[in-house]
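Take a look at the sequence and the model below. A short tour of selected sites comes after it.

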Amino acid sequence: MDEMTYCQSCGMPLTKGTHGTEHDGSQNSEYCLYCYKHGAFVDDCTMEDMIAISLQHMKESGILEEQGKTEEETLEFMNSFFPDLKRWKKSS
Ligand SMILES: [Zn+2]
């Protein structure tokens, strides 16, 4: 059974063909290809940077309008959602 999974870095849904890759070309199951390539993170950024980048992307690609959400609502959601993602989770 396929369970919906999300990139543990940027929060986008991981579907067939959007998974990141390992050094040997195999598929990584936790991160998307925009965040993770050839066994390493593409961008060395902070969680705040990632939220800003994602929000910008959602705005430009019309996802905000599609979902009928304002920028503020989405930002609020991201600020509560991102800290739970594996990449940003505080280990302490
Ligand atoms: Zn990602």
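This report covers a metal site and two residues.

## The zinc site

The model is predicted. Its zinc ion is coordinated by four sulfur atoms: SG of Cys7, Cys10, Cys32 and Cys35. The distances run from 2.3 to 2.4 Å. Along the sequence, the donor residues follow the spacing C-x2-C-x21-C-x2-C.

The arrangement of the donors is tetrahedral, because the four donor atoms subtend angles of 106 to 115° around the zinc ion. Such a label requires all angles to lie between 85 and 135 degrees. Two of the cysteines can also be placed by accessibility: cysteine 32 is buried, and cysteine 35 is buried too.

## Asparagine 28

Asparagine 28 sits in strand E4, which spans residues 27-32. Its relative accessibility is 7%, so it counts as buried. The cut-off for buried is under 20%.

The side chain of asparagine 28 makes a polar contact with the side chain of glutamate 22, at 2.8 Å. Glu22 also appears among the contacts of asparagine 28 beyond four places in sequence. The others in that list are His19, Gly20, Thr21 and Tyr36.

## Proline 13

Proline 13 belongs to strand E2, residues 13-14. Its relative accessibility is 36%, so proline 13 counts as partly exposed.

Setting aside residues up to four places away in sequence, proline 13 touches Met4, Thr5, Tyr6 and Thr18. How far apart in space are proline 13 and glutamate 30, C-alpha to C-alpha? They are 10 Å apart, with their positions 17 residues apart in sequence numbering.

Conventions
Residues are numbered from 1 along each chain as its sequence is written. This is a predicted model: local features need pLDDT of at least 70, side-chain atom pairs count only at pLDDT 80 or more; totals for chains, interfaces and linings use all residues. Side-chain values use heavy atoms; hydrogens and water are left out. Helices (H or I, at least four residues) and strands (E, at least two) are DSSP runs, numbered from the N terminus. Buried means under 20% relative accessible area, exposed over 50%, partly exposed in between (1.4 Å probe, protein chains only). A polar contact is a pair of N or O atoms within 3.5 Å; within protein, one must be able to donate a hydrogen and the other to accept it, and residues adjacent in sequence count only if both atoms are side-chain atoms. Contact means heavy atoms within 4.5 Å. Donors are N, O and S atoms within 2.8 Å of the metal (3.2 Å for Na, K and Ca); water is not among the atoms, so sites may look incomplete. Four donors count as tetrahedral if all angles lie between 85 and 135 degrees; four count as square planar and six as octahedral if opposite donors are over 155 degrees apart and all others between 65 and 115; anything else is irregular.
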